[in-house]
Amino acid sequence: ITALKTAFSALELRANTIALNDAIEKAENVKKDTYTPNSVEEMEVALTNAMNVYADKNATQDVVDAAETELLSKITALTKRANTTLLKEELDKAEAINKELYTPSSVTLFEEALTNAKNVYEDKNTNQESVDQAKQELIDKMSTLEKRADITDIEKEMVKAEAIKKE
């Protein structure tokens with residue numbers, strides 16, 4: 001009987017994996033295309049780890065709980081993809097601008113904002129705040145483009161000045 005008691009006390013209960021399984025199912029049902037690639041990748045790493053722990057019949061409760069906690073935290077940390085529709089509209093407007101009609105200094109500032117807006121638009125991991133800032137900066141720089149002077153008016157005035165000078 002003593003040997004039986006000793007053997008029984010040495011037995012460890014198998015870890016409860018119900019909550020871990022629920023977390024795995026939750027992660028598998030995430031609509032990944034609505035979140036940024038980086039945050040999805042982090043969740044998938046945690047999901048792979050959780051599935052490995054779930055499959056490990058010798059995993060302790062602490063290991064199971066840690067895998068569940070990590071996976072749930074990565075699900076919670078998923079970052080929604082930014083809505084870039086309005087930024088794209090402003091980029092299309094900006095691309096249509098004839099820069100030759102504006103002063104070089106105002107065009108330089110405009111081009112900086114345009115380049116930044118393109119970079120933000122192409123970054124699939126960007127957040128909504130960055131998209132909104134890039135859009136507003138582009139709008140601001142488009143509105144501050146300064147038209148070049150009409151050279152034909154200047155030439156007409158120079159002809160008049162020459163005529164007065166000759167008199």
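Biologist: What percentage of the 167 residues in the chain is made up of buried residues?
Modeller: Buried residues account for 27% of the 167. The model is a predicted one. A residue is called buried when its relative accessible area is under 20%.

Biologist: How many helices and strands are there in the chain?
Modeller: The chain has 8 helices and 0 strands. Read from the N terminus, its elements run α-α-α-α-α-α-α-α.

Biologist: How do you know whether the chain has the radius of gyration of a compact globule?
Modeller: By setting two values side by side. A compact globule of 167 residues would come out near 15 Å, but the chain has 32 Å. The value of the chain is not that of such a globule. The box filled by the C-alpha atoms, taken along the principal axes, is roughly 135 × 20 × 15 Å.

Biologist: What share of the contacts with a separation of 6 or more comes from residues 24 or more positions apart?
Modeller: That share is 78%.

Biologist: Why is threonine 36 called buried or exposed?
Modeller: Its relative accessibility is 3%. The cut-off for buried is under 20%, so threonine 36 is counted as buried. Threonine 36 sits in the loop between H2 and H3. Beyond residues up to four places away in sequence, it touches Thr79, Lys80, Arg81, Lys124, Asn125 and Thr126.

Biologist: What describes the way H2 and H3 lie against each other?
Modeller: Two packed helices are described by the angle between their axes and by the distance between those axes. For helix H2 (residues 18-28) and helix H3 (residues 37-55), the axes come within 10 Å and cross at roughly 145°. The crossing of H2 past H3 is left-handed. On the H2 side the contact is made by Leu20, Asn21, Ile24, Ala27 and Glu28. On the H3 side it is made by Met43, Leu47, Ala50, Met51, Val53 and Tyr54.

Biologist: How do the residues of that contact divide into nonpolar, polar and charged?
Modeller: There are 9 nonpolar, 1 polar and 1 charged. Asn21 of H2 is the polar one, as Asn is not in the nonpolar or charged lists. Glu28 of H2 is the charged one, as Glu is listed as charged.

Biologist: Why is glutamate 68 called buried or exposed?
Modeller: Glutamate 68 has a relative accessible area of 18%. That value is under 20%, so glutamate 68 is buried. The residue belongs to helix H4 (residues 61-76). Apart from neighbours within four places in sequence, glutamate 68 is in contact with Ala19, Leu20 and Ala23. The C-alpha atoms of glutamate 68 and threonine 17 are separated by 8.9 Å, with their positions 51 residues apart along the chain.

Biologist: What makes the buried residues of H5 line one face of the helix?
Modeller: The residues in question are Leu87, Glu90, Leu91 and Ala94 of helix H5 (residues 85-95). Viewed down the axis of H5, they fall within an arc of 105°, so they line one face. An α-helix has 3.6 residues a turn, so residues three or four places apart point the same way. The buried residues of H5 pack against helix H6 (104-122) and H7.

Biologist: Why is tyrosine 121 called buried, partly exposed or exposed?
Modeller: Tyrosine 121 has 25% relative accessibility. Buried needs under 20% and exposed needs over 50%, so tyrosine 121 counts as partly exposed. It is found in helix H6. Neighbours within four places in sequence aside, tyrosine 121 is in contact with Thr84, Leu87, Lys88 and Leu91. The C-alpha atoms of tyrosine 121 and leucine 87 are 7.1 Å apart.

Biologist: How do you know whether lysine 135 is buried or exposed?
Modeller: Its relative accessible area is 18%. The limit for buried is under 20%, so lysine 135 is buried. Lysine 135 lies in helix H7 (residues 128-143). With neighbours within four places in sequence left out, lysine 135 is in contact with Leu86, Leu87 and Glu90. From the C-alpha atom of lysine 135 to that of valine 45 the separation is 33 Å.

Biologist: Which residues does isoleucine 97 touch, not counting residues up to four places away in sequence?
Modeller: Isoleucine 97 touches Tyr102, Phe110, Met142 and Leu145. It lies in the loop between H5 and H6. Isoleucine 97 and methionine 142 are 45 residues apart in sequence, and their C-alpha atoms are 8.7 Å apart in space.

Conventions:
Residues are numbered from 1 along each chain as its sequence is written. This is a predicted model: local features need pLDDT of at least 70, side-chain atom pairs count only at pLDDT 80 or more; totals for chains, interfaces and linings use all residues. Side-chain values use heavy atoms; hydrogens and water are left out. Helices (H or I, at least four residues) and strands (E, at least two) are DSSP runs, numbered from the N terminus. Buried means under 20% relative accessible area, exposed over 50%, partly exposed in between (1.4 Å probe, protein chains only). Contact means heavy atoms within 4.5 Å. Axes are lines fitted to C-alpha atoms, for helices over the stretch in contact, and angles run from 0 to 180 degrees between N-to-C directions. A crossing is left-handed if the near helix is turned anticlockwise from the far one by less than a right angle, and right-handed if clockwise. The arc is that of the directions from the helix axis to the C-beta atoms. The radius of gyration is taken over C-alpha atoms; the globule rule is 2.2 Å times the number of residues to the power 0.38.
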